[in-house]
Amino acid sequence: MLADSALWNIATTTIAFHACPFRRKTGRQSHVPVREEQEGTPLMSDAPLLQEPLHSDVGSAFHNRYPLPVRLLHWTRAAVILALIALGLIMTTLPETIAAQFAWMYPTHKEFGVLAFGIGVIALVVRTRTVMPPHPAGLAPWETLLSKGVQAGMLILAIVVPLMGYAMSSSYTQSDGVPFFVGDLPELLPKNDRAFAIFQWLHETLAYTLLGLIALHIGGVVKHRVLDKGRETDVLGRML
Ligand code: HEM
Ligand code: HEM
């Protein structure tokens, strides 16, 4: 009799927990992996889980963390790209009489620009072979759309901007070459100053578009850090 009533209690509590309308919205009370919860797949699903456990740290700053290679590539690329934009801006606004501009600023910008291209390609390949954590279920639909769009834009521009830089340098009739640490890379495009002007415009415009997307990206991370601290939508811990 006592056993029966204990069993009844457990059963009703479990049903109430799973039927709770707030559970899906906050996603914090749950002990099941978020992806299963979002997609409604059964608990015993044999679909592959993320490489890092989803449930052990629910509610902590590191909930749904990105795999280590993705985190390392993210921060390396972030540092390289932000430094490249700053250096690009400085070197193109300095007066031409300053020797450092052509002695090391342009060559360093090109070297690290080619490196950024390499990181961008490796990051894309790693992404296709990694199960990435899902976007937090607690985001409004417009926030998910904006965040996905901004991330896709950054992934594409992080490859296209250095390609335009290479095309600009390569087609310039008075180019100093494209150095890459151990030696010069071949300049594959035919020399043509009209083509150079187009690539120069594309490189500049797309680099500042990338900067705009990065500003939106950082703004979003900071917004959720400040307003949703500790919740599932406070995503900074996923990338640390
Ligand atoms: C993600 C990689 C890169 C970023 C974010 C980037 C960003 C920038 C920025 C912001 C400028 C200043 C534009 C202006 O205000 O006129 C610039 C200029 C320049 N970049 Fe890049 N760059 C990258 C890669 C490259 C690469 C790979 C090369 C060449 C191999 C290159 C060559 C140049 C040159 C020659 C300039 C000066 C253009 C001029 O004098 O008008 N960049 N870059
Ligand atoms: C201080 C600057 C930055 C901070 C604090 C930051 C933070 C973050 C965080 C917290 C995430 C995870 C977002 C989520 O899970 O929804 C993320 C993802 C991402 N970030 Fe950043 N980020 C920074 C700079 C950059 C820069 C400069 C880029 C340039 C390409 C970038 C590209 C990305 C991409 C593409 C993702 C999606 C995950 C991936 O494919 O690697 N981030 N970032």
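Six donor atoms around a metal count as octahedral if opposite donors are over 155 degrees apart and all others lie between 65 and 115 degrees. The views below come from a predicted model.

**View 1. The iron atom of ligand 1 with H109 and H203.** The iron atom of ligand 1 is coordinated through the NE2 atoms of H109 and H203, at 2.0 to 2.1 Å. The six donor atoms at this site make angles of 87 to 179°, and the arrangement is octahedral. The two histidines come from distant parts of the chain, with H109 in helix α5 (residues 100–128) and H203 in helix α7 (residues 193–227), 94 residues apart. H109 is buried, with a relative accessible area of 15%, and H203 is also buried, with a value of 16%, because buried means under 20% relative accessible area.

**View 2. The iron atom of ligand 2 with H74 and H217.** At the iron atom of ligand 2, coordination is by NE2 of H74 and NE2 of H217, at 2.0 Å. The angles subtended by the six donor atoms run from 86 to 180°, and the arrangement is therefore octahedral. As a general guide, the ideal angles for six octahedral donors are 90 or 180 degrees. This pair, too, links distant parts of the chain, since H74 lies in helix α4 and H217 in helix α7, 143 residues apart. H74 is partly exposed, with a relative accessible area of 21%, and H217 counts as partly exposed at 23% relative accessibility.

**View 3. The packing of helix α4 against helix α5.** In general, two packed helices are described by the angle between their axes and the distance between the axes. Helix α4 (residues 68–93) and α5 pack at an angle of about 150°, and their axes are 9 Å apart. This angle makes α4 roughly antiparallel to α5, because angles over 145 degrees count as roughly antiparallel. The crossing in which α4 passes α5 is left-handed. Among the residues of the contact of α4 with α5, 18 are nonpolar, eight are polar and one is charged. These helices also appear in the views above, as H74 is in helix α4 and H109 is in helix α5.

**View 4. F181 in the loop between β1 and β2.** The loop that holds F181 runs between β1 (178–180) and β2 (183–185). F181 has a positive phi of about 55°, although this residue is not a glycine. With a relative accessible area of 43%, F181 is partly exposed.

Key
Residues are numbered from 1 along each chain as its sequence is written. Chains are lettered from A and ligands numbered from 1 in the order in which they are written. This is a predicted model: local features need pLDDT of at least 70, side-chain atom pairs count only at pLDDT 80 or more; totals for chains, interfaces and linings use all residues. Side-chain values use heavy atoms; hydrogens and water are left out. Donors are N, O and S atoms within 2.8 Å of the metal (3.2 Å for Na, K and Ca); water is not among the atoms, so sites may look incomplete. Four donors count as tetrahedral if all angles lie between 85 and 135 degrees; four count as square planar and six as octahedral if opposite donors are over 155 degrees apart and all others between 65 and 115; anything else is irregular. Helices (H or I, at least four residues) and strands (E, at least two) are DSSP runs, numbered from the N terminus. Buried means under 20% relative accessible area, exposed over 50%, partly exposed in between (1.4 Å probe, protein chains only). Axes are lines fitted to C-alpha atoms, for helices over the stretch in contact, and angles run from 0 to 180 degrees between N-to-C directions. Angles under 35 degrees count as roughly parallel, over 145 as roughly antiparallel, 65 to 115 as roughly perpendicular and the rest as oblique. A crossing is left-handed if the near helix is turned anticlockwise from the far one by less than a right angle, and right-handed if clockwise. Ala, Val, Leu, Ile, Met, Phe, Trp, Tyr, Cys and Pro count as nonpolar, Asp, Glu, Lys and Arg as charged, and the others, Gly among them, as polar.
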